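Welcome! Let us take a friendly walk through this structure, one feature at a time.

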Amino acid sequence: AFEDGGEMSSRDAALQDAGARLEQTVDAVLGKLRDAGADTARYGADLSGLGGKLKAATGEQVHHVVAGLLDRTREMTERNRAVERSLAASNAEIADLRDRIAIVSNEALTDALTGLRNRKAFDEALVANSVQAAGDGEPLALLMLDIDRFKKFNDRYGHLLGDEVIRLVGTCLTD
């Protein structure tokens, strides 16, 4: 997970950060769901208690019991709304993290210079296509190219121009 002698790459750091944030968000959601479950259990107990009082209530007592039922119902409704808002915010955070992870994963499979798929992507595609071709009973072709005497070109004209040649070759192959 480390490049260049042990330092974490920005891609690795971004993935690690996204993973940590995702874990925190999921933990927060689970905590909110546990709290909501406990609130619901308390609400159910309150309703049972007030229901028992309602059976035994007379006259003015009925009014107080019903008022208590309404108060507890309003409280529970507001708690549920708060949980819904929190879950919606968590859902948005998770969607954002998924997008970030997809971007970083794509970057991990893309050569920064050419924008083409890199060796890791090649290895993954080769395995996937080999398995598919074998499963389908179809042949698989592989084309490999080399830019002849490229090191000499780089030494003579410099790496900046060499990079442009690599980009041009990549663009031609893509097109």
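A residue is called buried when its relative accessible area is under 20%, exposed when that value is over 50%, and partly exposed in between (1.4 Å probe, protein chains only). By that rule Arg74, with a relative accessible area of 54%, is exposed.

Please keep in mind that this is a predicted model, where local features need pLDDT of at least 70 and side-chain atom pairs count only at pLDDT 80 or more, while totals for chains, interfaces and linings use all residues. Residues are numbered from 1 along each chain as its sequence is written, and side-chain values use heavy atoms, leaving out hydrogens and water.

Now look at helix 2, residues 60-108 (helices are DSSP runs of H or I, at least four residues, numbered from the N terminus). Its 49 residues should span 72 Å at 1.5 Å a residue, which agrees with the 71 Å between its end C-alpha atoms. Among its buried residues are Val65, Gly68, Arg72 and Met76.

How many salt bridges are there? The count comes to 13, each being a side-chain nitrogen of Lys or Arg within 4 Å of a carboxyl oxygen of Asp or Glu. Here are three of them:

| Salt bridge | N to O distance |
|---|---|
| Arg21 and Glu93 | 2.4 Å |
| Arg74 and Asp71 | 3.0 Å |
| Glu75 and Arg72 | 2.5 Å |

Arg21 lies in helix 1 and Glu93 in helix 2, so this pair ties together parts that are 72 residues apart in sequence. Arg74 and Asp71 are three residues apart in helix 2, about one helical turn. Arg72 is buried at 13% relative accessibility, whereas Glu75 is partly exposed at 38%.

Conventions: Helix = DSSP H or I, 4+ residues; strand = E, 2+ residues; numbered from the N terminus. Expected span 1.5 Å × (residues − 1).
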